[in-house]
Each structure stands twice: as C-alpha cells, then as structure tokens.
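Work through the exercises below with the sequence and the coordinates open. Try each task before reading its solution.

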Amino acid sequence: MTVTDRAISYIQYFKDQVEEAMENKAGLLQCITSARGGQASLNGAEFMNDTFINTMPTGEEVGMYFAVLWSRDGIKTIRGDLFGGGRIRVEGLSETQTSRRNETNCATFFRRAAETLGRNLPPNATLNEMLPVAVVASLPVCSTSVKSAMVYAPDHPINGLDITTVLDLALEDCLLPVKCVGVCNDAVASLLASWYQRNTLDQNSNHNVNINHHANADANGKHTRENQQRHEGQQRHEGQQRHEGQQRHEEQQRHEGQRRHEEQQRHEGQRRHEGQRRRSQHEKERTRGADIAVLIDPGFNVSLKDPNPGSRGCVINTEIGRYSIEDRYLTDLDYIDAYETNPKSASATLEHMIVHIGEVFRLAIRFVWQESSPISVRRRGVISNKEALRIASETGNFEYSRSFCSKRLHWETTKTDRKLLQSLALGAAQRSAAYFSCTLVALLSYLQMDCQLNRQIYITVDSSWDGWWLNFVNHLLSRTSYFRQSVGVGKLRLHQVTDSVRKGAAVFAARREIFQEKC
C-alpha cells in the first residue's frame, strides 16, 4: 500500500467512529445509573462519587481563602479573594514538585505546602481565628464525610489516606492558624466556580421610580382693591378672616396631600417590591450556574449538579473519563496509545478517545509514512493537542503544517503530505468531539430521567483548546436527535471558561467554612 492508501484507510476509520460514537451512549448511561446506587469504593468502581456540599454558591460570598491543588506531579498552593458579585481573583503562591518513586512520606510532602501557606498568611493572622483552606485533587476523590475524603491513587503513598487529617497535622506542626475544611475533585471545583460567577443577579436594572404628588392649591387668595378706600376697615377685618381661613384650609390640604402621598408611595413601594421579587426569581433561574462542568486536558472528567440532592450533598463527581471503550470501537492506534500510557492495562478509556488527539495523530503519522516518517514521532508528547487541532483547522497552503513539521519534527513535507496530515488531524479531532458529544448526551439523559429540564442547560468547559473544537461539538449536538426532540438545541449553552479549577478551589473553601457546622 502507498502512503496515500494507508492515510485514506485511517481517515475512513475515523469517519466510521464518528458515526458509531453515539452507540456508546447506552453503555455510558447504564454505567452512570448502576454506579449511582451507592458510594463508590476505592477498589475499582470510581464512578458517580458524591461530594458533601449542602448548598451551591450564591455569588455573594466574600473574603480571602486558601487552597492546595494536589495532583500526581506535585502541589500548588493558591490564595483566592472573593469580592462578591461573581468576582474572583486568584494568585498562585508556589508549586512544589515531587517524584512518586522517591517520595515515601506524604506527610513531608504536605508539610512543604503548609510552610508555603505560612509564608503568605496575612500579618494579623492569629491562632484565635482559624483561616479555612481547601484541598482540590486532580484524582478520583471519594468523600467520606463533610470534611474528609480519600484519593484513589494505587501507585502513590497517599492512596487510601484521609487527606484532611494529613494536611491538618502538617498545619499544626507549623503552628499555623489554618484549618483544612474539605476535599473535592477538580471537576467539582470547576462547577462551583461556574455557579459563583453565573448565579449573580444584576440589580442595577431595577431602578426606583419616584412619584411626585402635588397638592392642589386653593384659588381663594385673590384680593381686590375696588372698594378699598370706602371699606378699608371692613376689608382689613374680612381680609384677616379670609387669610386665617385660607391658612387653615391650606394646612388641612397639605396634611391630607401628605397622607395621600405617603399612602400612595407605600402601595407603590409594595407593588415595586413584589415585581422585583418576581423578576429576581425569574432572573435567578435564567442565570443559574451550570448543570455540567467539564475538564479537558491533561485529563477528562465531568461533574454535575445532582437533580435529587440528599444527605451526601448536591454535586456528583462522575469520573466518566475512566469508562472503558469496547474493543469493536477501537483501532490499532488506540491499542498502542493505551499500552504506551499504561503498560499494565492496554484498555482504552473514554479519556483516551477524547483527550489524546495529539498522540493519536502522532501514531497515525508513524504508521502512514512508516520508514519515511521522522524519528521524532517515535517519542510521546512531541505533538500537543493544541498543535494537532491547529493543523486540523488549517486550509489553503497549509503554511502552519509546513512550519511545524520543519521546525518541530525536522521533516520536510510536500503539499500532498500536508494535505494528508490535515485530513488525519481532522479525523482524530472529529472523533474526539463525537465521543465528547456522546458523553454529554448520556449525562443529560441521566438528568432528564431524574428531573424534567424545562429550562436552558448550561455546560461549562474549562479547556485550553481553541474554539474550533467546541464549535464542532456544537455542530454534532445539533445533529443529535436526542437534543432536537427531548432537550432542544436552543436550550443548550456550551461555553468555554478559563482557570475555573483555581477559582473554584477558593469558592469551595468559602462554602465549606460557612456550612461545615450545619452538615
């Protein structure tokens, strides 16, 4: 087979997978509903984990809060300032990197985070008033109480430990006035950030209407001078009587007008207040936070607002990216990518199908051009998702592809090569968007079964990918019969946000501080 023939075969594979992606909806929906029956264990079933959050943010929380962002690669400590009105400012304090092979004591790991917090506390912080700090983990989090949670990380020393306890011990050792108030997943933090920023009403549109009430003046104040000389004394006496009567009459009118004015203002104020209350309720429903929050790159996870909140909280960490794709939907590129990612398990997951666009594109180059492919494509990570998407969306002379192949891959390409590269990247990107759309359809099907969503649906996506990919997702969703018939395309709002995890970490610390005693 020639290079063109091999490229066409892979392009056709991708096209077939785009059409077949929605067949995974039934399996995804079954996985979601079966896992929702109880709390997931640390031994395998990590789907649909509850997060102990009693009330979603209102957007009016204020204060300074600290958070620790923990992942397999290291710890980041941040400070978040909430100003109310949905406004958040976050600042990274430091980043501590660690190696899993060399790190044997996770207590020392968190002690470094505590020392970083200590160097950045406000000058007036004392042990008499404890400051809240939250932990946001980029791994499956299994909540065990309102404050405690364990992380599912089999190859890390912290696996199975209560993160809150470990961090509190480190804070106490450093004699810091800081207390850990809870642990959540990064996708949950993204959902909280969306609620804080969107669930804020614009009160500036409600203007008070001032009603000016004027009392009518009495017209009996005319004085004539026709017979002034002849009846001067009588006129003076009568004028004095009329003046006193007019003053009494005007005083009565003034009091009566003031009473009517106050009564009218009171009724008008009550009417305006009732109208504003109805508008506020409608506006709050219209501007409520997202139903679903999605994290993409480096991993893939989704959190959603529980339609039936119970004693375990009102946010679900789905961990849907760990769902295993059936073999009949995979190509040899997916098997190789899964094996290179985790040699112990060659099973491709939903996360691979959505997030690994750059890796699948790299493997396609390697197998299509074979011996003539550059040596650089044999190394993982040489092509990022953003670069693959840039090539996929390119048209015309493919100048970006030529420059990228020459400078990054050290590969001189022809125009035919660049056209094939664009088609392969486009196929991988379209397949990714198709599986992402399939995931949204399954999750919204679950929500639709639990409650009727007779309103607009907001989906927050935190991603560094370009807008072309999200536009294609919207295109696929508009073609899906489920949305056309059951939900309605006009009710779906898919929008991209930035830095939602760090913002949500500060919001999570604020909510935990307020509600930890009530839970």
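The exercises below concern a predicted model, and each is followed by a worked solution.

**Exercise 1. The chain as a whole**

Task: State how many helices and strands the chain has, and what share of its residues counts as buried.

Solution.
- Step 1. The chain has 15 helices and 13 strands.
- Step 2. It has 519 residues, and 49% of them count as buried.
- Step 3. The exposed area is about 25700 Å², with 47% of it supplied by carbon and sulfur atoms.
- Step 4. Take the contacts between residues at least 6 apart in sequence: 74% of these join residues at least 24 apart.

**Exercise 2. Strand β9**

Task: Decide whether the two faces of strand β9 are covered or open, and find the strand that pairs with β9.

Solution.
- Step 1. In a regular strand, side chains alternate between the two faces of the sheet.
- Step 2. On one side of β9 lie I292, V294 and I296, and on the other A293 and L295.
- Step 3. All of these residues are buried, which leaves both faces covered.
- Step 4. Five of the five residues of β9 (residues 292–296) are therefore buried, and the strand is largely enclosed by the rest of the structure.
- Step 5. The pairing is with strand β12 (residues 457–462), through four bridges, and the two strands run parallel. I292 has I459 of β12 as its bridge partner.

**Exercise 3. Strands β2 and β3**

Task: Give the direction in which β2 and β3 run, parallel or antiparallel, and say how many residues of β3 are buried.

Solution.
- Step 1. Strand β2 (residues 62–70) is joined to β3 by nine bridges, and the two run antiparallel.
- Step 2. To locate the pairing in the model, start from A67, which stands opposite I78 in β3.
- Step 3. In β3 (residues 74–84), eight of the 11 residues are buried, so the strand is largely enclosed by the rest of the structure.

**Exercise 4. Helix α9 and two helices packed against it**

Task: Describe how α7 packs with α9 and how α1 packs with α9, then place L333 in this region.

Solution.
- Step 1. Two packed helices are described by the angle between their axes and the distance between the axes.
- Step 2. For α7 (residues 332–341) and α9 (residues 357–369), the angle is about 120° and the axes are 10 Å apart.
- Step 3. Angles of 65 to 115 degrees count as roughly perpendicular and those over 145 as roughly antiparallel; α7 and α9 are therefore oblique to each other. Their crossing is right-handed.
- Step 4. The α7 residues at this contact are L333, D334, I336, D337 and E340. They meet E359, V360, R362, L363, A364, R366 and F367 in α9.
- Step 5. For α1 (residues 3–20) and α9, the angle is about 145° and the axes are 8 Å apart. This crossing is also right-handed.
- Step 6. From α1, V3, R6, A7, Y10 and F14 meet V360, F367, V368 and W369 in α9.
- Step 7. L333 belongs to helix α7 and is buried, with a relative accessible area of 0%. Leaving out residues up to four places away in sequence, L333 touches Y10, F14, V360, L363, A364 and F367.
- Step 8. As a distance check, the C-alpha atoms of L333 and R362 are 9.5 Å apart, with their positions 29 residues apart in sequence.

**Exercise 5. From α9 to α10**

Task: Classify S372 by its accessible area, and list the buried residues of α10.

Solution.
- Step 1. S372 lies in the loop between α9 and α10.
- Step 2. Its relative accessible area is 44%. Buried requires under 20% and exposed over 50%, so S372 is partly exposed.
- Step 3. S372 and V3 are 369 residues apart along the chain, yet their C-alpha atoms are separated by 9.6 Å.
- Step 4. In α10 (residues 385–392), N385, E387, A388, L389, I391 and A392 are buried. With six of its eight residues buried, α10 is largely enclosed by the rest of the structure.

**Exercise 6. Positive phi values**

Task: Compare E319 and H410: which is buried and which is exposed?

Solution.
- Step 1. Most residues other than glycine have a negative phi.
- Step 2. Phi is near 55° for E319 and near 55° for H410.
- Step 3. E319 sits in the loop between β11 (313–317) and α7. At 6% relative accessibility, E319 is buried.
- Step 4. H410 sits in the loop between α11 (399–407) and α12 (415–450). At 65%, H410 is exposed.
- Step 5. A further positive phi, about 55°, is found at L175, just after α4.

Note on methods:
Residues are numbered from 1 along each chain as its sequence is written. This is a predicted model: local features need pLDDT of at least 70, side-chain atom pairs count only at pLDDT 80 or more; totals for chains, interfaces and linings use all residues. Side-chain values use heavy atoms; hydrogens and water are left out. Buried means under 20% relative accessible area, exposed over 50%, partly exposed in between (1.4 Å probe, protein chains only). Contact means heavy atoms within 4.5 Å. Accessible areas come from the Shrake-Rupley method with a 1.4 Å probe; for residues, only the protein chains shown count as cover. Two strands pair if DSSP finds at least two bridges between them. Axes are lines fitted to C-alpha atoms, for helices over the stretch in contact, and angles run from 0 to 180 degrees between N-to-C directions. Angles under 35 degrees count as roughly parallel, over 145 as roughly antiparallel, 65 to 115 as roughly perpendicular and the rest as oblique. A crossing is left-handed if the near helix is turned anticlockwise from the far one by less than a right angle, and right-handed if clockwise.
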